[in-house]
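Subject: Structure handover

Hello,

Here is the structure I said I would pass on. My notes on the interior follow below it.

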Amino acid sequence: MLLTPHDRLFVLTGAGISAESGLATFRGSGGLWDGHRVEEVATPEAWEINPALVWRFYSQRRRDALDARPNAAHFALAQIEQRLMQESGNFYLCTQNVDDLHERAGSHRLHHMHGSLFESRCVRCEQPFPDRAFHEDADCLPRCGICGSHVRPHIVWFGEMPLDMDAIYRELNLATVLLVVGTSGSVYPAAGLVHLARARNIRTVYVGPEEPQNADAFSEIVLGPATQVLPSLFS
Ligand code: BV8
Ligand code: ZN
C-alpha cells in the first residue's frame, strides 16, 4: 500500500492493535469483559446502579494497561506519522482504544474518540484530569475537590456521544486514504467512518486477522496480525 507524498492518511484503530500487547479485546473475551457483561460496567445505567463495580473494572484495566507495552504495530504507526508529518502534515490517528499504547509508541496526532483510561472527570464539573489511581474501595470512591460530586472514568460508555466527532469528520473529509486496524466494525459511529470514506471514493484499507463486520465497505483487506502487516505496509 504505497502512499504518495500527496496522500493524507486517516487511521482508525480498535482493540485488535493492542491484542498483541496482551490487552483483552471486546470480542476476544467472548462478549464478557474480564468476567463482566458490557452492560454491567460500560453504560451510564451501570454507573448509576453500581459505581463501585465500574471503578473496580476500570481500575483493573488501568493495571492491565500499565503492565502492557506498545507493540510493533503501534510503533509502525508512530513511524509513518513522523515520515508524513515531516513531508506534508498529512496524518491523523483516531483510536477507539482507551489504553495509552499509541502515546507510549510515540504517536502525537492522536484522538481518543472513546476517552482515556488514565483520565477521570467530575460528573458535574466535567473537566477531565489525569488520574492513574486505582479506586477499589467502595467506601471511598473519588469525589471532586471543588464541588464534592462523584468522579467517574473519562470513558465514553454505550449510549454516550463519542468525543469531538466534528474533528473526526473534518479530518476524514480531508483524507485521501482511510486505514482501519484491528476493529470488528461492530460499534457505531466508529464503524460508520468507512462508509463515509467510501462515499468520497477514497481508498479504504482494513488490516486484521479476520474480516470485520463492515468488510464490504473496504477497497482493500489485508488479512494478518497488525504487528506483521503494518511494518511492511508503508515500506
Ligand atoms: C452512541 C469505551 C448515541 C469503553 C466503547 C442502544 C442504545 C444506545 C446506543 C446504541 C443502541 N444500539 C446501538 C447503539 C449505538 C452503540 C452501538 O454501536 N452499539 C453496538 C453494540 C450495536 N454505540 C454507542 O452507544 C456509541 N454512542 O451511539 O451515542 C448518541 C447520539 C446523540 C447523543 C448522545 C448519544 C458509543 C460507543 C462507545 C462505547 N465505548 N469503548 C471502554 O473501553 O471501556 S466501544 C468499544 O467497543 C471499543 O472502543 C470499540 O469501539 C468497540 C468494539 O471494539 P473493537 O475495538 O472493534 O474490538 P473488538 O473486540 O470488537 O474487535 C477486535 C478486532 O481486532 C477483531 O476484529 C479481531 O479480528 C481484531 N484483532 C485481533 N487480534 C488482532 C486483531 N487485529 C489486528 N492485529 C491483531 N493481532
Ligand atoms: Zn466537581
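The model is predicted, and the notes should be read with that in mind. The search for enclosed space gives one cavity of 30 Å³ or more. The volume of this largest cavity is about 80 Å³. Its lining is made up of 14 residues, and those nearest the centre are L12, V180, A190, A191 and N214. Sorted by class, nine of the lining residues are nonpolar and five are polar, with no charged residues.

Next, the packing. The largest nonpolar core contains 23 residues, and L9, L179 and L230 have the most contacts inside it. Two or more residues each come from the strands β1 (9–13), β4 (91–95), β9 (177–181) and β10 (203–208), and from the helices α5 (72–87) and α9 (226–233). The biggest contribution is that of α5, which supplies five residues.

L179 is a useful place to start if you want to look at this core on screen. Leaving out residues up to four places away in sequence, L179 touches F10, V11 and L12 as well as L9, and also L77, V205, V207, L230, L233 and F234. Apart from this core lies another one of 21 residues, including F57, Y58, A65 and L117.

A polar residue is also worth a look. S59 sits in helix α4, which covers residues 51–67. Its relative accessible area is 0%, so S59 counts as buried. Beyond residues up to four places away in sequence, the contacts of S59 are F134, H135 and E136.

Last, the aromatic rings. Over the whole structure there are five aromatic pairs. In one of them, W47 and W157, the ring centres are 5.8 Å apart and the planes meet at 35°, so the pair is classed as tilted. W47 belongs to helix α3 (residues 44–49), while W157 is in the loop between β8 (151–155) and α7 (165–174), so the pair ties together parts that are 110 residues apart in sequence. W47 is buried, at a relative accessible area of 7%. W157 is buried as well, at 2%.

Which residues make up the aromatic cluster that includes W47 and W157? The other members are F57 and Y58, and the four residues form one cluster. F57 and Y58 are also among the residues of the 21-residue core mentioned above.

Regards

Definitions and conventions. Residues are numbered from 1 along each chain as its sequence is written. Chains are lettered from A and ligands numbered from 1 in the order in which they are written. This is a predicted model: local features need pLDDT of at least 70, side-chain atom pairs count only at pLDDT 80 or more; totals for chains, interfaces and linings use all residues. Side-chain values use heavy atoms; hydrogens and water are left out. On a 1 Å grid over the protein atoms alone, a cavity is a set of points where a 1.4 Å probe fits but cannot get out, and a pocket is an open set with protein on both sides within 12 Å along at least five of seven lines; lining residues have an atom within 4 Å of a point. Grid points are joined across faces, edges and corners, and a volume is the space filled by probe spheres set on the points. Ala, Val, Leu, Ile, Met, Phe, Trp, Tyr, Cys and Pro count as nonpolar, Asp, Glu, Lys and Arg as charged, and the others, Gly among them, as polar. A nonpolar core is a set of buried Ala, Val, Leu, Ile, Met, Phe, Trp, Tyr and Cys residues joined through side-chain atoms within 4.5 Å. Buried means under 20% relative accessible area, exposed over 50%, partly exposed in between (1.4 Å probe, protein chains only). Helices (H or I, at least four residues) and strands (E, at least two) are DSSP runs, numbered from the N terminus. Contact means heavy atoms within 4.5 Å. Rings of Phe, Tyr and Trp (its six-membered ring) pair if their centres lie within 6.5 Å; planes under 30 degrees apart count as stacked, over 60 as edge-to-face and the rest as tilted.
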